[in-house]
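These are my notebook entries on a single protein chain. I record what I looked up, one topic at a time.

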Amino acid sequence: MVDFEIENGYLKDGFKVICGIDEAGRGPLAGPVYAAAVILPPDCEIEGLNDSKKLTEKKREALFDVIKEKAVSYGIGTASEKEIDEINILNATFLAMKRAVEKLEIKPDLALVDGNREPHISDDIKEITVVKGDAKSMSIAAASVLAKVSRDRFMLEMAEKYPQYEFRKHKGYGTKLHYEKIAEYGISEIHRRSFLKKIIGE
């Protein structure tokens, strides 16, 4: 269970509006990378919230609506598989984060970012990285759930469009089944060519 301790420390330091940022989908072979930015009210409590990877799909889906309801503001951004191929996955992840922050109705003065790399979203937003932040900060954990659920829902839509790849089972990650389907059917429009260079011979 994550708490609001990190955020409270920075609020005491004088920051007024803090958002948590996290991504989902850096590793898969197909589909966009997603990011979310979430501003929660001070001392917010969301029962059962944790790093999205430690939650069941059912629990994430339930928390998705609770987070949106309790958030002061939230934004969800993406970078497409084509953008990933053009600028690489790290820069595409930062782009998705920037787009998520731009969708916030209130501008934060501090962004807590999961991981150890600053995305450099804006000159007037202070960025602080938090390693394993989705297990330490409530704002980051909330962003983690919004990003993960949003991406999973997109991949379920893609499962209808491209049934031969069975995206419903692996959500685009590089499982044995997914590689078998790529070998059988080739790559689709939503596959990341830069992740599959050995297979497509580029």
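**Entry 1: Ser-137**

I began with Ser-137, which I located in the loop between strand 5 (126-130) and helix 5 (138-161). I note that the model is a predicted one. I then asked whether Ser-137 is buried or exposed. Its relative accessible area is 0%, and since buried means under 20%, Ser-137 counts as buried.

Next I looked up what surrounds this serine. Leaving aside residues up to four places away in sequence, Ser-137 touches Val-2, Asp-3, Ile-6, Glu-7 and Leu-112. I also examined its side chain: a polar atom there lies 3.3 Å from the backbone nitrogen of Ser-139.

**Entry 2: Phe-64**

I turned to a residue within a helix. Phe-64 has its place in helix 2, which covers residues 57-70. Its relative accessible area is 4%, so I entered Phe-64 as buried.

Which residues does Phe-64 touch, not counting those up to four places away in sequence? I found Val-145, Leu-146, Val-149, Ser-150 and Arg-153. I also checked a separation along the chain: Phe-64 and Lys-53 are 11 residues apart, and their C-alpha atoms are separated by 14 Å.

**Entry 3: His-191**

I located His-191 in the loop between helix 7 (176-185) and helix 8 (197-200). With a relative accessible area of 2%, His-191 is buried.

I then asked which side chains make polar contacts with the side chain of His-191. One such contact, of 3.0 Å, is with the side chain of His-178. Another, of 2.8 Å, is with the side chain of Ser-188. Beyond four places in sequence, the residues that His-191 touches include Leu-29, Ala-30, Glu-81, Asp-85, Tyr-165 and Phe-167. His-178 is also among the residues touched, as are Ile-182 and Leu-196.

**Entry 4: Two positive phi angles**

I looked up two residues that have a positive phi although neither is a glycine. For Asn-88 the angle is about 80°. Asn-88 sits in the loop between helix 3 (81-87) and helix 4 (89-102). Its relative accessible area is 40%, so I recorded Asn-88 as partly exposed.

For His-120 the angle is about 55°. His-120 is found in the loop between strand 4 (110-114) and strand 5. Is His-120 buried or exposed? Its relative accessibility is 60%, and I therefore entered His-120 as exposed.

**Entry 5: The whole chain**

Finally, I stepped back to the chain as a whole. I noted 8 helices and 5 strands, which follow the pattern α-β-β-α-β-α-α-β-β-α-α-α-α along the sequence. The radius of gyration is 17 Å, close to the 17 Å from the globule rule for 202 residues, so the chain is as compact as a globular protein of that length. Taken along the principal axes, the C-alpha atoms fill a box of roughly 55 × 35 × 25 Å.

I next looked up burial and contacts. Of the 202 residues, 50% count as buried. Among contacts between residues at least 6 apart in sequence, 66% join residues at least 24 apart.

My last checks concerned surface and charge. The chain exposes about 10000 Å², of which carbon and sulfur atoms supply 49%. I recorded 32 positive and 35 negative side chains, and the centres of these two sets lie 4 Å apart.

Note on methods: Residues numbered from 1 in each chain as written. Predicted model: local features only at pLDDT ≥ 70, side-chain atom pairs only at ≥ 80, totals over all residues. Heavy atoms only, no water. Helix = DSSP H or I, 4+ residues; strand = E, 2+ residues; numbered from the N terminus. Rg over C-alpha atoms; globule rule 2.2 N^0.38 Å. Buried < 20%, exposed > 50% of the residue type's maximum accessible area, 1.4 Å probe, protein only. Contact = heavy atoms within 4.5 Å. Areas by Shrake-Rupley, 256 points an atom, 1.4 Å probe, with all protein chains shown as cover. Lys, Arg positive; Asp, Glu negative; His and termini not counted. Charge placed at Lys NZ, Arg CZ, Asp CG, Glu CD. Polar contact = N/O pair within 3.5 Å; in protein donor to acceptor, adjacent residues only side chain to side chain.
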